[in-house]
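Me: Before I rely on the labels used for this model, I would like to see the reasoning behind them. Could you set each value against its cut-off as we go?

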Amino acid sequence: MFGGPLQMYLGQPETTPRLDNVHRFMAGVYFGSGLIALWAGATIRRQRTLVFLIALTVLLAGIGRLVSIGRVGLPEPSFVWIGYLVPELLVPCIMAIAQIATSRAAVAHRR
């Protein structure tokens, strides 16, 4: 929720107009995704597919980061970027498992 507006304001320092444009565009996507995730979290008991779609989006972002690291290398400081990557790959799996468990519990409760 805070990263999107901050990136929108700061832009991409020391870069080309093309990269700054893409960076600020993605900042809007990040902020919008944060709003969707916040709403989904607040209404989690009514959500099903949306949770899986949010998890997939985060996982795909992590895969994109992996592709970037494989093609152009790990940015410095590396611990920061690994700190971003690990949750991007793990949290979607946790979200999907939790949603499956919640859905099963809801079905069992209705019986």
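Me: Why is serine 33 called partly exposed?

Reply: In this predicted model, serine 33 has a relative accessibility of 35%. Buried would need a value under 20% and exposed a value over 50%, so serine 33, at 35%, counts as partly exposed. Serine 33 is found in helix α2, and its C-alpha lies 9.8 Å from that of valine 58, although the two are 25 residues apart in sequence.

Me: What makes leucine 10 count as exposed?

Reply: Its relative accessibility is 52%, and the cut-off for exposed is over 50%, so leucine 10 counts as exposed. Leucine 10 has its place in helix α1, and between its C-alpha and that of arginine 71 there are 26 Å in space and 61 residues in sequence.

Me: Why is aspartate 20 called buried, and which residues is it in contact with, leaving aside its neighbours within four places in sequence?

Reply: The relative accessible area of aspartate 20 is 18%, and buried means under 20%, so the label buried follows. Aspartate 20 lies in helix α2, and, leaving aside its neighbours within four places in sequence, it is in contact with Gly11, Gln12 and Thr15.

Me: How do you know whether glycine 11 is buried or exposed?

Reply: Glycine 11 has a relative accessible area of 5%, and with the cut-off for buried set at under 20%, glycine 11 is therefore buried. Glycine 11 is found in the loop between α1 and α2, and, with its neighbours within four places in sequence left aside, it is in contact with Asp20, His23 and Arg24. The C-alpha atoms of glycine 11 and leucine 38 are separated by 24 Å, with their positions 27 residues apart along the chain.

Me: What marks out glutamate 14 in its backbone, and is it buried or exposed?

Reply: Glutamate 14 has a positive phi of about 50°, although it is not a glycine. Glutamate 14 is also found in the loop between α1 and α2, and at a relative accessible area of 84%, set against the cut-off of over 50%, it is therefore exposed.

Me: Why are α1 and α2 called roughly antiparallel?

Reply: The axes of helix α1 (residues 3-10) and helix α2 (residues 17-42) cross at roughly 160° and come within 7 Å. Angles over 145 degrees count as roughly antiparallel, and α1 and α2 are therefore roughly antiparallel to each other. Their crossing is left-handed. On the α1 side the contact involves Gly4, Pro5, Gln7, Met8, Tyr9 and Leu10, which meet His23, Arg24, Ala27, Gly28, Tyr30 and Phe31 in α2. Sorted by class, this contact of α1 with α2 has seven nonpolar, four polar and one charged residues.

Me: Which residues of α2 are buried, and what do they pack against?

Reply: In α2, Asp20, Ala27, Gly34 and Ala40 are buried, and the buried residues of α2 pack against α1 and α3. As for its length, α2 has 26 residues and reaches 38 Å from its first C-alpha to its last, close to the 38 Å expected at 1.5 Å a residue.

Me: What makes α3 roughly antiparallel to α4?

Reply: Helix α3 (residues 49-72) and helix α4 (residues 78-110) pack at an angle of about 155°, with their axes 9 Å apart. The cut-off is over 145 degrees, and the angle therefore makes α3 roughly antiparallel to α4. In passing α4, α3 makes a left-handed crossing. By class, the contact of α3 with α4 has 18 nonpolar, two polar and two charged residues.

Me: Which residues take part in the contact of α3 with α4?

Reply: The residues of α3 include Val51, Phe52, Ile54 and Arg65, and those they meet in α4 include Trp81, Tyr84, Leu85 and Glu88. The buried residues of α4 are Leu85, Glu88, Pro92 and Gln99, and what covers them includes α3.

Me: How do you know that the span of α4 agrees with its number of residues?

Reply: At 1.5 Å a residue, the 33 residues of α4 should span 48 Å, and the end C-alpha atoms of α4 are 48 Å apart, so the two values agree.

Me: What kind of peptide bond joins glutamate 76 and proline 77?

Reply: The bond is cis, with omega at about -10°, and proline 77 lies in the loop between α3 and α4.

Conventions
Residues numbered from 1 in each chain as written. Predicted model: local features only at pLDDT ≥ 70, side-chain atom pairs only at ≥ 80, totals over all residues. Heavy atoms only, no water. Axes fitted to C-alpha atoms, helices over the stretch in contact; angles between N-to-C directions. Helix = DSSP H or I, 4+ residues; strand = E, 2+ residues; numbered from the N terminus. Parallel < 35°, antiparallel > 145°, perpendicular 65-115°, else oblique. Left-handed = near helix turned anticlockwise from the far one by under 90°. Contact = heavy atoms within 4.5 Å. Nonpolar A, V, L, I, M, F, W, Y, C, P; charged D, E, K, R; others polar. Expected span 1.5 Å × (residues − 1). Buried < 20%, exposed > 50% of the residue type's maximum accessible area, 1.4 Å probe, protein only.
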